[in-house]
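Please open the model in your viewer and keep a selection panel at hand. The stops below go from one selection to the next, with a short account of what is there at each.

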Amino acid sequence: LRMGVPKPPEPLEARLGLSLTSIGAALRSQLGLARDKGLVVERVAPGSAAEKAGLKPHDILLEMGGKPVPDSTAAFRKAF
């Protein structure tokens, strides 16, 4: 029996089953959102934790687990 190299952990978005992107300047302005907070849900994988939580494409994540969601996916991965 050979032991393989352990796989690196999946990115948080993959574990949750969603794809995130930044909020555009026009939408941020129209909704009056803070400049440094929030991400837009692009896709939700069928049967994923994100789908079970009720997330849908175009939802805006501003808070998760009581913590503010940062405005970049890199910061999101570090924060959560």
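Two strands are taken to pair if DSSP finds at least two bridges between them. With that in mind, and remembering that this is a predicted model, begin by selecting L18 and V44, since the bridge partner of L18 in strand 2 is V44.

**The sheet**

Widen the selection to strand 1, residues 18-22, and strand 2, residues 39-44, and you will have two strands that pair in the antiparallel sense over 5 bridges. Within this pairing, pick out L20, whose bridge partner in strand 2 is V41. Next add strand 3, residues 60-61, which runs antiparallel to strand 2 and is joined to strand 2 by 2 bridges; here L39 has L61 as its bridge partner in strand 3. With these strands shown together, you are looking at an open sheet of 3 strands in the order 1-2-3, with antiparallel pairing. Strand 1 and strand 3 stand at the edges, and because each has a single partner strand, one side of each is left without a neighbour in the sheet.

**The nonpolar core**

Now select L12, L18, L20, L39, V41, V44, A50, L61, V69 and F76, and show their side chains: these 10 residues make up the largest nonpolar core. Strand 1 and strand 2 each supply at least two residues of this core, and the largest share, 3 residues, comes from strand 2.

Stay for a moment on V44, which, leaving out residues up to four places away in sequence, touches G17, L18, A50, E51, L55, K56 and P57.

**Two loops**

From V44, move to S48, which is found in the loop between strand 2 and helix 3, the helix spanning 49-52. Is S48 buried or exposed? Its relative accessible area is 9%, and because buried means under 20%, S48 counts as buried. If neighbours within four places in sequence are set aside, S48 is in contact with L16 and G17, and a polar atom of the S48 side chain lies 3.4 Å from the backbone oxygen of G17.

On the other side of helix 3, select G54, in the loop between that helix and strand 3. G54 has a relative accessibility of 41% and counts as partly exposed. Draw a distance between the C-alpha atoms of G54 and V44, and you should read 9.6 Å for two residues that are 10 residues apart along the chain.

**The aromatic pair**

For the last stop, select F76 and F80, and display both rings. A search of the whole structure finds 1 aromatic pair, and the pair is F76 with F80: the ring centres are 5.1 Å apart and the planes stand at 45°, so the pair is tilted. F76, which you have already selected as a member of the core, is buried at 0% relative accessibility, whereas F80 is partly exposed at 24%. Finally, add K67 to the view, and you will find its charged end sitting over the ring of F80, 5.0 Å from the ring centre.

Conventions. Residues are numbered from 1 along each chain as its sequence is written. This is a predicted model: local features need pLDDT of at least 70, side-chain atom pairs count only at pLDDT 80 or more; totals for chains, interfaces and linings use all residues. Side-chain values use heavy atoms; hydrogens and water are left out. Helices (H or I, at least four residues) and strands (E, at least two) are DSSP runs, numbered from the N terminus. Buried means under 20% relative accessible area, exposed over 50%, partly exposed in between (1.4 Å probe, protein chains only). A polar contact is a pair of N or O atoms within 3.5 Å; within protein, one must be able to donate a hydrogen and the other to accept it, and residues adjacent in sequence count only if both atoms are side-chain atoms. Contact means heavy atoms within 4.5 Å. Rings of Phe, Tyr and Trp (its six-membered ring) pair if their centres lie within 6.5 Å; planes under 30 degrees apart count as stacked, over 60 as edge-to-face and the rest as tilted. A charge sits over a ring if NZ of Lys or CZ of Arg is within 6 Å of the ring centre and within 35 degrees of the ring normal. A nonpolar core is a set of buried Ala, Val, Leu, Ile, Met, Phe, Trp, Tyr and Cys residues joined through side-chain atoms within 4.5 Å.
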